[in-house]
Amino acid sequence: MKLPEQGVDWAELEAEMTAMTSADIDWRRGRTPLYTFFATENVNAIGKQAFTKFMSENALGGKRAFFGVKRMEDEVLAIGLDLFHAPSDAQGIMTTGGTESIVLAVKGCRDWFRTRRGTARRPNIVAPSSVHPAFDKAGELMDIPIRRIPLGPDLRADVALISAAVDEDTMMVVGSAPCFPHGLVDPIESLGDLALERDLWLHVDACVGGYVAPFVRMLGRPLPAFDLEIAGVRSLSADLHKFGFCPKPASTLFYRYAEDAERQAFDFDTWPNGRLATNTLVGTRPAGSVAAAWAILHHLGRTGYVEIARRLMEMMDAYAEGVESIEGLRLWTRPELTILNFGAEEIDIFSVADHMTRDGWLSGLTNKPRGIHAMMALQHEPVREEYLAGLRAAVEAVRRAPQDRPSTLRASY
Ligand SMILES: *Cc1c(COP(=O)(O)O)cnc(C)c1O
């Protein structure tokens, strides 16, 4: 394909784009177990309007040109600081996603390590094996090995094993709130104690849970503290574009100490255009994301997020109960937030996923334990019975035909 010689009208282009996506999996009907996050039609409409209103502005220019965008960004971050119980010296940064937030936190930590140990030592990170690969991405970029430590029998971080893996070059330990694979919050309080005792930087990855867990706690459901309220937590990442229900790309990163945020920032002056100072990895950034996050946080407010959290948790309980009622299936974990993970003891669960895929339900998978995985939002609420009926039929089909070869599906994000 080449650039067309003559330009094409929008009407024709739109029709073509619609045709191009006709075989896509229908996330609106709850057919994808990841990638998209739906709350309400209103939230979607407001996000779309706020995003397009500021589509042409650039958040990179917030300090010198787009003061209103900068103000919205500061207010989004102030809301996050309050939500995550940050002390007064704490600082937040808006980024384009969980991966960028994590890469930046690792960079800040690496520079902190260097102020103490110089540049001759090679630092490492010790993390439970369930942490997101964004840490490995950061490690590849900065030549920092990530030691992935086996989980405890409850599928949470095993603090004793993590402690044993820490050595004099360990700069960071990580806990997730929750981890993506099993949806469980790691024992952040104990990891915080370890960090304080051994003088380590604890990063809490609340990318997936950050903007839902505080509201689930407000509902009074049992969920341990996980944020900057715990003294040992030094930085925390939380994605607005997941359960903040904001348009992509939007994430936040918070530092307990302003000086850590300064360490992480990039400040350069020796090129013809003079000083370039940013605290993000990217340069140009969508002002639309900033505006949409500001608008949605204000549109929903605390009551709106709590109500969504209530609906989400009732939905998760109902899905969990539905899965348990199917003979042969077993929940690997009781959903603590919005992730469902279950398997089977006598049949091949990936074969069940094969059946589901044939029926139009994309399945998320986990390798350890071997299971089906779903990160759920409110687009999954109305299709619960349909999904569970399909799942029951798929399990029965696999039971009836155990001579089938094992599924060739491979777990992938
Ligand atoms: C999604 C996720 C990330 C990475 O975020 P992206 O926005 O996809 O870059 C990191 N950690 C956890 C726990 C996540 O669920």
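Biologist: Which atom of the ligand is 2.8 Å from an N or O atom in the side chain of H241?

Modeller: An oxygen atom of the ligand sits at that distance from the H241 side chain. This is a predicted model, in which local features need pLDDT of at least 70, side-chain atom pairs count only at pLDDT 80 or more, and totals for chains, interfaces and linings use all residues. Residues are numbered from 1 along each chain as its sequence is written, and side-chain values use heavy atoms, with hydrogens and water left out.

Biologist: How should I read the surroundings of the ligand, and which residues come nearest?

Modeller: A residue is near a molecule if one of its heavy atoms lies within 4 Å of it. Here 13 residues are around the ligand, and G98, T99, D205, H241 and K242 come nearest. A backbone N or O atom of G98 is 2.9 Å from an oxygen atom of the ligand, while a side-chain N or O atom of D205 lies 2.6 Å from a nitrogen atom of the ligand. On its own the ligand has 380 Å² of accessible area (Shrake-Rupley method, 1.4 Å probe), of which the protein covers 89%.

Biologist: What is a nonpolar core, and how many residues does the largest one have?

Modeller: In soluble globular proteins, nonpolar side chains tend to be buried together. A nonpolar core is a set of buried Ala, Val, Leu, Ile, Met, Phe, Trp, Tyr and Cys residues joined through side-chain atoms within 4.5 Å, where buried means under 20% relative accessible area, exposed over 50%, and partly exposed in between (1.4 Å probe, protein chains only). The largest one in this model has 102 residues, and F245, L340, F342 and L391 have the most contacts inside it. Its largest share, 18 residues, comes from helix α10 (residues 287–324). A second, separate core of 26 residues includes V103, I125, F135 and C207.

Biologist: Is G288, which lies in helix α10, buried or exposed?

Modeller: G288 is buried, because its relative accessible area is 1%. Contact means heavy atoms within 4.5 Å, and, leaving aside neighbours within four places in sequence, G288 is in contact with A50, F51 and F54.

Biologist: Where does D348 lie, and which side chain does a polar contact join to that of D348?

Modeller: A polar contact within protein is a pair of N or O atoms within 3.5 Å, one able to donate a hydrogen and the other to accept it, and residues adjacent in sequence count only if both atoms are side-chain atoms. D348 lies in the loop between β11 (339–344) and α11 (349–358), and a polar contact of 2.9 Å joins its side chain to that of R370.

Conventions. Helices (H or I, at least four residues) and strands (E, at least two) are DSSP runs, numbered from the N terminus.
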